[in-house]
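Below is a short report on the fold of one protein chain. Please keep the sequence and the model at hand while reading.

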Amino acid sequence: MAVRPYITYPKPYRRGSGGNLSATPLINEPGEVSFGVIDFTAGSFRPLHGHRTWELIVVDSLSEGPGFIHFDGRWWRVDPGAAVFIPGGSVHGWSAGNATGFRMVWFYGGTREEAGRIWHGNPEEARGISPGEERNAPLWTPEAGEAAARIP
C-alpha cells in the first residue's frame, strides 16, 4: 500500500461579495478520488461545464445562503447541507445568490486532472443567476425533477 492516511484542512469559510472563486484542492489521489472546497462569493458563478467522471457536491451547512445549480435547462436551489450527485458528462453550472455566497465541498471520481472540465458554450458570455431566477428557483425534489423533465 503506497498511500498512507493523512489529514488536510480547508481555509475557514469567508463571507463577502464580489471577487473570484477561491478553490482549494485538499485530496488528489490518482485513480481514487479528489476533494476540495470552493468559496462562491455573492454574484460569483461557474459557467456550464461537464466532467469525465462523476462529481458529488455538498453545500456546506455553515454557508450564508444556498447555492444554485443549472441543469435540465433551469436553475435549482441547493440549500446548505444538501448534496448533489452529477454523473460524468452531465452539463451543469453553479451560481451564488446575488446577495449571499456559499461554500461548495466537491468530490470527483479520480483526480482533478482525470475529471477535467469541459466547457459548454462560451464561458466569457456566461452569466450567473439573475435576481428573478433566484427568487423563482425551485428546491429540487424527485417530484419537481420529474415534472421538469416532462416540460418540452
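The report covers the overall layout first and then one sheet.

This is a predicted model, in which local features need pLDDT of at least 70 and side-chain atom pairs count only at pLDDT 80 or more, while totals for chains, interfaces and linings use all residues. Residues are numbered from 1 along each chain as its sequence is written, and side-chain values use heavy atoms, with hydrogens and water left out.

The protein has three helices and 10 strands; helices (H or I, at least four residues) and strands (E, at least two) are DSSP runs, numbered from the N terminus. Read from the N terminus, the order of elements is β-β-β-β-β-β-β-β-β-α-β-α-α.

The radius of gyration of the protein is 16 Å, which agrees with the value near 15 Å for a compact globule of 152 residues. That radius is taken over C-alpha atoms, and the globule rule is 2.2 Å times the number of residues to the power 0.38. Along the principal axes, the C-alpha atoms fill a box of roughly 50 × 35 × 30 Å. Of the contacts (heavy atoms within 4.5 Å) with a separation of 6 or more, 73% are between residues 24 or more positions apart.

Buried residues make up 38% of the 152 residues, where buried means under 20% relative accessible area with a 1.4 Å probe, protein chains only. The protein exposes about 8,600 Å², and carbon and sulfur atoms supply 56% of this area; accessible areas come from the Shrake-Rupley method with a 1.4 Å probe.

Five strands form an open sheet in the order 6-5-8-3-10, with antiparallel pairing. Its edge strands, strand 6 (74–78) and strand 10 (118–119), each pair on one side only. Two strands count as paired if DSSP finds at least two bridges between them. Strand 5 (residues 67–71) has antiparallel bridges to strand 6 and to strand 8 (residues 92–96).

| Strand pair | Bridges | One facing pair |
|---|---|---|
| Strand 5 and strand 6 | five bridges | F71 and R74 |
| Strand 5 and strand 8 | four bridges | G67 and A96 |

F68 also has a bridge partner in strand 6, namely R77. Strands 5 and 6 form a hairpin with two residues between them, and D72 in the turn has a positive phi of about 55 degrees. Four of the five residues of strand 5 are buried, so this strand is largely enclosed by the rest of the structure.

Terms used
Buried means under 20% relative accessible area, exposed over 50%, partly exposed in between (1.4 Å probe, protein chains only).
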